[in-house]
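Hi everyone, thanks for coming. Let me put the structure up, and then we can walk through the sheet, the charges and the rings together.

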Amino acid sequence: PGVLAVGPDMAQALLLDGERNFSTKMGYDYALRTFFGDNLLCRDFDDHKFQRRIMQTSFKTPAMKSYVDTMNPILAKGMAEWDFDGDFRFYPAIKELLLRLTCRIFYGVDENSEGARELSQAFIDITIGQEGIIRWDIPGLKFHTGKKGQRHLRDYITRLIPERREASGTDMLSHMCKETKPDGSYFTDQEIVDHASFLLFAAHDTTTSTLTHLMYYLAKMPEWQQRLRQEALSLNKPQLEYEDLSAVPQLDNAFHESQRLHPSVNVLVRRSIRDCELAGHHIPADTMIFQIPIFTNRMAEYWSDPHGFDPDRFTEQRAEQKGHPFCYMPFGGGAHKCIGMHFAAMQSKLFMHQFLQQFSFSLPAGHVAEFDYVPLPKLKDELPLNVKAI
């Protein structure tokens, strides 16, 4: 049995959870633990807080600056290789490019190497496995494909750990391998593998989804595309540096508006540990509780023209996202709020800044958008675009 708890008041009570009535681990165990072990979403309370420290260096300013220097040339090379003359579909193109990029940023693996291709395929296989209805590890089933990918991913990361501990790498895995516990010991190989494998899932497809929806709205609304292009050109820089990320406020607002309309995570799940109350309603023990961010992000009580694309709603003058602490929640909230949300915004800005200055793009004549929401949000037709060099 499950409960659908919608709206920002419910979200605030559920996600802040001062009495510790609601388990994230029990909510996501079935969906995620099978392929990603005891990752951050499959840990609760003090255990989750303790394990979260394994990623603290990975998302501090010095590390983020180094990621910018690594990502910019990979993005530039990747989009230069795209063929726009045929039936160009943005979703598979950006998915493949970001997969190669994350192999370098997350694991320190050369994006053009055979290892990167193997890692990318393993991740794709895991995604296929998550769609499997019959959960038997038998050849021919989607679940088996996913488990095969999981085994390859975990074995590959395990082999990398000793050398990442010894080297002076700046990738996320290197930071995680060197992170220590209060007693000075390293996190175990299994803990590192669980977190590092889930990080790829949590960060890659979500950014792919966000950029696909943002490109759709900018193709549909050329006036907004031009506004963002002019903002990019005004900096007189082909690529953003880390210090420039705050100098593109309109792009930042467009990123958040895309997340508002199509949050990358469809559903936030918790499970009640004991009999309790949620916003005055009795919740029996072992009840699944679902929060739907897209519902909250489009409530007319908090958003003007809630289904329209209007990045200006995030300007300081309007600041509609401040109508309630939880009326805008694409990255969740509370203790489990996405640790990589600033990384996702940074990655999206780096790509858009380069692409907008080089290309104009539009939807094919008569294009009608249909949206998929499972397993992650995207356009059903994978967003065909007409792209022209400027």
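I'll start with accessibility: buried means under 20% relative accessible area, exposed means over 50%, and partly exposed is in between, with a 1.4 Å probe and protein chains only. By that scale E81, at 47% relative accessibility, counts as partly exposed. Some ground rules: this is a predicted model, where local features need pLDDT of at least 70, side-chain atom pairs count only at pLDDT 80 or more, and totals for chains, interfaces and linings use all residues. Residues are numbered from 1 along each chain as its sequence is written, and side-chain values use heavy atoms, with hydrogens and water left out.

Now the sheet. Helices (H or I, at least four residues) and strands (E, at least two) are DSSP runs, numbered from the N terminus. Two strands pair if DSSP finds at least two bridges between them. So in what order do the four strands of the open sheet come? The order is β1-β6-β3-β2, and the pairing is mixed. At the edges stand β1 (2-4) and β2 (22-23); each has a single partner strand, so one side of each is left without a neighbour in the sheet.

Let's go across it strand by strand. β1 and β6 run parallel and are joined by three bridges, with V3 standing opposite I289 in β6. Next, β6 (residues 288-291) runs antiparallel to β3 (residues 268-272), and four bridges join them. Here V269 has F290 in β6 as its bridge partner, and R271 stands opposite M288 in β6. On the other side, β3 pairs with β2 in the antiparallel sense over two bridges, and there S23 stands opposite R271 in β3. So R271 turns up twice, facing M288 and S23. As for cover, β3 is mostly covered, with four of its five residues buried.

There is a helix on this sheet too. Helix α1 (residues 8-16) lies across β2, β3 and β6, and runs at about 130° to β6. For that angle, axes are lines fitted to C-alpha atoms, for helices over the stretch in contact, and angles run from 0 to 180 degrees between N-to-C directions. Contact, by the way, means heavy atoms within 4.5 Å.

While we have contacts in mind, look at N72 in helix α4. Is N72 buried or exposed? At 4% relative accessibility, N72 counts as buried. Leaving aside neighbours within four places in sequence, N72 is in contact with Q239, L240, L350 and Q354.

On to the charges. A salt bridge here is a side-chain nitrogen of Lys or Arg within 4 Å of a carboxyl oxygen of Asp or Glu, and the structure holds 31 of these salt bridges. One of them joins the side chains of R100 and E81, at 4.0 Å, N to O. R100 lies in helix α5 (residues 90-107) and E81 in the loop between α4 (61-80) and α5, so the pair ties together parts that are 19 residues apart in sequence. R100 counts as buried, at 13% relative accessibility.

Two other salt bridges are worth a look. D38 and R33 meet at 2.8 Å, N to O; D38 is buried at 16% relative accessibility, whereas R33 is partly exposed at 38%. E163 and R164 meet at 3.0 Å, N to O; E163 is partly exposed at 44%, and R164 is buried at 10%. Salt bridges that share partners also join E257, R260, D310, R313, R318 and E320 into one network.

Last, the rings. Rings of Phe, Tyr and Trp (its six-membered ring) pair if their centres lie within 6.5 Å; planes under 30 degrees apart count as stacked, over 60 as edge-to-face, and the rest as tilted. How many aromatic pairs does the structure hold? There are 28 aromatic pairs. One aromatic cluster is formed by W82, F84, F88, F90, F351, F355, F359 and F361.

Rings meet charges as well. A charge sits over a ring if NZ of Lys or CZ of Arg is within 6 Å of the ring centre and within 35 degrees of the ring normal. R227 lies over the face of W224, at 3.9 Å from the ring centre, and K378 lies over the face of Y91, at 5.3 Å. That's my tour, thank you!
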